[in-house]
Structures are given as C-alpha cells and as structure tokens.
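Reader: I have the sequence and the coordinates open. Take me through the packing, one question at a time.

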Amino acid sequence: MGIGHAGTLISAILLLFRQGWRTGVNRAAEAMTIFAVMCAGQFPIWHMGRVWNAFFVLPYPNTRGPLWVNFNSPLLWDVFAISTYFTVSLLFWYSGLLPDLATLRDRAKKKWRKAFYGVAAFGWTGSTKHWQRHEALSLVLAGLSTPLVLSVHTIVSFDFATSIVPGWHTTIFPPYFVAGAIFSGFAMVQTLLLVTRKVLGLQDYITVEHIEVMNKVIVLTGSIVGIAYLTELFMAWYSAVGYENFAFFENRLNLNSPYGWSYWIMMGCNVLSPQIFWSSKMRRNLTLTFFMSILINIGMWFKRFVIIVTSVYRDYLPSSWSTYYTPTIWEVGFYMGTFGLFFTCYFLFSKFFPVIAIAEIKHILKKNGENYKVKMDVIESEKVEKFAHDQEHDH
Amino acid sequence: MGVKKFVTGNFYDEAVLFPAIKKTRRAGYKIHDVFTPFPIHGLDKAMGLRDTSLHTEGFIYGITGTATAVGFITRALTIDWQLNFGGKPFFALPAWIPITFELTVLFAAVGMVLTFCYLCQLALFVRKDHFNPRSTDDTFVMALECTDKTNDAKLSVLQSIGATDVQVQYKETEWWLGRYDKDGNVLKKTEEAVH
C-alpha cells in the first residue's frame, strides 16, 4: 500500500507544485501505484478467511435486515479509501495516457498495433478544446488526489491507531504512515526506474538529476520516519503505561527479545542508511541508489512486520507467550503471489505502454506559449488596414 | 454524420502558429480546430474558445458525493437499523468523515472523467477522422472549414501565414465505431456524396 503512494504523490502533488522534473518519471510511477494497490487490496480479502463473502463489506441492500455495514469502523473506512484510491489513480493515469496512446496509434506501422492503440486511445485527436478540458481534468484530479493520498494512508493507519493494542494505540500513526508511504514509494520508484531507464535506454529522459531529486525526497521522508520512531519511544516512556513501555522497550527495542532483531533491521534500513544521501556524490551514484532502494524496501517491509508482530505475539497474558510467529507456507505464497502480479503488470506496462509521459515531455521541452503572447500584443493593436495591406503585399 | 470540406496546414513552431491564428481570425475565417501533440497554453484563448466548465461540474459531482455519503449513512445507521456501538450516539458524524470524504472524491473524479469523455467523444472503439496523423506527434495542424461563402482562396491565406503542406481535405467531423487499422468505409461513401 505504501509503495502505491509515490506515484500519485509524484503526479499530483508535484503537478500542483509545478515541479517540472516530475514529467520524466510520473507515468511509470503512476503505473507502479496502480499495480501496487492491486496487490495491496487483495490482502484484506485474503485475511477475511471467507473470501467468497468479501462482498459483505459493501453497503448493499441485503436479505439480512437489511443489516448495514459498520460505517463507524476504520476497517470499513479502509474499504472505501482503498477502492476510491484505486479508482481515482486509475482514472488519473489513464486519462493522462490517452494522448500518448494516440501518438503511438498514429505512429504505428503494424496492423495489430494500430488496432490495439486505436482502441486504447479512445479516439483522441489532440483538438485544442479537448486539450483545454484535459488540462482542467488533470489539474482537478491532481487536486483531488493530493488529499486522497494523505487520507488513504491516514485511514490505513487508523486500522491500528484506533485500537487499544499497545504499540498501535498512538496518535502519531497517521503522519508517520504517510511519510513512510512516500519514503517506501520513492524507494520502489528508484528500484524500478533505475532498471527501466537502463533497459529501455531512457537515460536522456530519466536523468541522474531525477534520481538525485528523488534521493533528496528519500532522505527527507526517511528522516521524518526516524523522528516518528523516536517520538513513539518517547511517548511510550512519557505515558508511563506499563503495557506501552513493554511493547516498545521490551518487545521492540531490546535486541535480546525474540523479535528485537526486526526492530533494529527496520531502524538500520529506514533511518540510518538513508542518511548517506546527505552527500550529493552519493545521491548521484546509481549503483548505490539501487542498493539503497532495495534496502529501504526491506526496511519498510520490516516496519509493518514490527508493528504487527511485535505488538501481538505477546499479549496481556504471559501464559500465551510461547508462540513464536512463523509464517505458514500459505502466507509466504500470498506474498510471493503479489510479487508475481506486480512485476507481470509492470513488465506488460513497460513493454506495451509509454513509460514516459510523452505529451508532457514535449510540453516541457518545446518553448511554451509565453514568448508568443508578447508578440500577440503587436498583432492585437495592429490596424485592420495595415493587416489588409500586409496581406495584399504577401500575395 | 457529415463530411465537410476543409483546408489544412501544418505548423512546426508556436511562434508561427500564434500569429497565424490571430491573422486567420482577423481575416474572418472560421478555424475548425487546431490539433496539437501537446497542450499549448494560451492556444484556446487565442482561438477564442470559452473556458471549460469541467471544474464547475466536478464541484457539483463532489457535492453530490458528500450528500450521498452523509444521507445514506444517516439513513442506514439512525433510521433504518440502529446499532449500538459501545453506547455511542447513532448519529456519529465525526466517524463518518473519512467515508464522506472518500465518496466526495470518488464522485467528483468519476463524474468528471465521464463528463470529459462525453464532451470530447472519447470511448473504446471510437473512430474519428484525422487531418494529419502527425498532429499527435510533432506538428500543429490547423483546419479551416470551407463554407459556401468562402472558397479555396484559403489555401493561399494559410500559405501566407507560414503554414506548410497546405491542402484541401474532405473529412468526417463526427465519430463512429470502428478500428484504426481499417479505413472507414462510412467515409468513402459520404465523400462521394459531397463530390
């Protein structure tokens, strides 16, 4: 889910902030978002146990009363948040793709490509009126997506934060999850794009500057996440609640506790290692960036592992502490399955769809209209007689 | 469905295109459309197009989403089937904010995209006639519609304002269902009719 945030962040927030560099990476990042959300969205369904009853979460008129779903529950908020996020991301991504697919359609030589992109491009022509509406649509969708990105991860964190389980019951979760999501999302963008740009030869579009800027975002969000970890520890101590103290200082911080190692892997990967990116030489080192992006992905996976496992493997009853959580083959299978789904989708995307936002790149590269508006004034104030004379002269 | 007669010209530079549009309009010719591979800021203004109302529609869709969420949850939890969650009030508005927000965004986004597709006639399998396939690639194509009052003199007008590859084309202005790898049969029949 976290990985599924950088795409919309890059597209939406950076569009609103008029960050020109986003055009090189936004399309691939948006695609990554959609595929990641497709994977993430499956897990709640698997975890329901009775997968065939998954539609029970929808508020439809049913034969049980109708008995409605609990609209006050964070789990239901999550249903709405993730499905909305997926839908809006998909619309944003595909509406942006239309002009690029039309370009591919009109450049296509092979029959099947013409047919495929012809269908996919929805009959886009590039008419000025259509561009005007397209611009308006992109801007509003960006404006809607920005709070949406923040809300989705906030709501994901509410799943934990509104409970009373020690270690989950903290108010810092929403901002901390959002920062973590951006952090891991950018790391995943780096992982994918470093390979994509090399394989597809896109070094001129996804430049070292792009990589460097994203590394800056990584060091910023990584540090925010680090502060959140420390704040959590402080609040656990400051609250003087025995259970909170135990969850944080015994189950997590203590390296000798059964899962202490996972907390320190998380700390090392997420907080300490990204600090290397304060050096611009390191930010521009592609091999190191790739290595770091993998490290951060591992670290952010451990973040979830720490939150979930260390908070619940020892509950209030010490007599039930003997359980040492080990994933079953089915759990590992589900997880591996999402890797398969994600990479299959991403590879298909990078094979058949434009990885770069072509129209936006052209827009950035070409001179924009500002220079000409100045000249327009001259024509605007021009006398009709003079214009007519010029025309005559031309003939 | 209707095939019309157009004069089209290519432009490669915005510096030429903008004055050209102004001059064409000044000369009293009606610009059918300008097709560009990327959005050119100010082009809509230069062509005298009015602003799009898509923003307003998006706002209306958003408000509809808000009203739907609040209305539906209120009805479900306070009238239709009251459930006691830990003694909390049935009308628990703060707890409904997340879903209300999500539905607002969902309605606005879906509504706007559908409206956008409807207004621009975009859908799967929609086939449209193109003046120049390069207009989605690297050239700006201006199309002037020929009416009874105007004639092929436009050819020279377009040439005089810097257009290249100026030609007369008969094109279908509406969309139809079809595929891009096949020539539109509809078109050929109607084109004969015009001739």
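Author: Start with a helix pair in this predicted model. L150(A), H153(A), T154(A), V156(A), S157(A), F160(A) and A161(A) in α5(A) meet F173(A), P174(A), F177(A), V178(A) and A181(A) in α6(A).

Reader: By class, how many residues of the contact of α5(A) with α6(A) are charged?
Author: F160(A) of α5(A) and F173(A) of α6(A) are among the residues that meet. The contact has nine nonpolar and three polar residues. The number of charged residues is zero: there are no charged residues.

Reader: Is α5(A) antiparallel or oblique to α6(A)?
Author: Helix α5 (residues 128-161) and helix α6 (residues 173-199) of chain A have axes 8 Å apart. They pack at an angle of about 125°. Roughly antiparallel would need an angle over 145 degrees. The angle therefore makes α5(A) and α6(A) oblique.

Reader: Is the crossing of α5(A) and α6(A) left-handed or right-handed?
Author: The angle of this pair is about 125°. The crossing of α5(A) and α6(A) is right-handed.

Reader: How is α2(A) oriented to α3(A)?
Author: Helix α2 (residues 22-47) of chain A packs against helix α3 (residues 74-107) of chain A at about 155°. Their axes are 10 Å apart. An angle over 145 degrees counts as roughly antiparallel. So α2(A) and α3(A) are roughly antiparallel.

Reader: In which hand does α2(A) pass α3(A)?
Author: Residues in α2(A) that meet α3(A) include R27(A), E30(A) and I34(A). On the α3(A) side, D78(A), F86(A) and W93(A) are among the partners. The crossing is left-handed.

Reader: How many residues of the contact of α2(A) with α3(A) are nonpolar?
Author: V37(A) in α2(A) and L90(A) in α3(A) are among the residues of this contact. Four residues are polar and three are charged. The nonpolar residues number 10.

Reader: How many strands are there in chain A?
Author: Chain A has 395 residues, and 41% of them are buried. Of its contacts between residues at least 6 apart in sequence, 76% join residues at least 24 apart. Its helices number 15, and its strands number zero.

Reader: In what order do the elements of chain B run?
Author: Chain B has 195 residues, with 37% buried. It has six helices and six strands. From the N terminus, the order is β-α-β-α-α-α-β-β-α-β-β-α.

Reader: Which are the edge strands of the open sheet in chain B?
Author: The sheet has four strands, in the order β2-β4-β1-β5, with antiparallel pairing. From one strand to the next, the twist averages 25°. An edge strand pairs on one side only. In this sheet the edge strands are β2(B) and β5(B).

Reader: How many bridges join β1(B) to β5(B)?
Author: β1(B) and β5(B) run antiparallel. K5(B) has Y170(B) in β5(B) as its bridge partner. The bridges between these strands number seven.

Reader: In β4(B), which residue is the bridge partner of F11(B)?
Author: β1(B) is mostly covered, with seven of its nine residues buried. Six bridges join β1(B) to β4(B), and the two run antiparallel. The bridge partner of F11(B) is F140(B).

Reader: Which residue in β4(B) stands opposite V34(B)?
Author: β2(B) and strand β4 (residues 140-145) of chain B run antiparallel. Four bridges join them. The residue opposite V34(B) is M142(B).

Reader: At about what angle does α1(B) run to β2(B)?
Author: α1(B) lies across three strands: β1, β2 and β4 of chain B. Its angle to β2(B) is about 175°.

Reader: Which element gives the most to the side of chain B that touches chain A?
Author: In all, 67 residues of chain B are in contact with 65 residues of chain A. Elements giving two or more residues include α1 (14-26), α3 (54-80) and α4 (93-119) of chain B. The top contribution is 16 residues, and it comes from α4(B).

Reader: How many residues on that side of chain B are nonpolar?
Author: The side that touches chain A also draws on β2, β3 and α5 of chain B, among others. Its polar residues number 12, and its charged residues number 12. The nonpolar count is 43.

Notes
Residues numbered from 1 in each chain as written. Chains lettered and ligands numbered in written order. Predicted model: local features only at pLDDT ≥ 70, side-chain atom pairs only at ≥ 80, totals over all residues. Contact = placed C-beta atoms within 7 Å. Nonpolar A, V, L, I, M, F, W, Y, C, P; charged D, E, K, R; others polar. Axes fitted to C-alpha atoms, helices over the stretch in contact; angles between N-to-C directions. Parallel < 35°, antiparallel > 145°, perpendicular 65-115°, else oblique. Left-handed = near helix turned anticlockwise from the far one by under 90°. Pairing = 2+ DSSP bridges. Buried ≥ 20, exposed ≤ 12 C-beta atoms within 10 Å, placed from the backbone.
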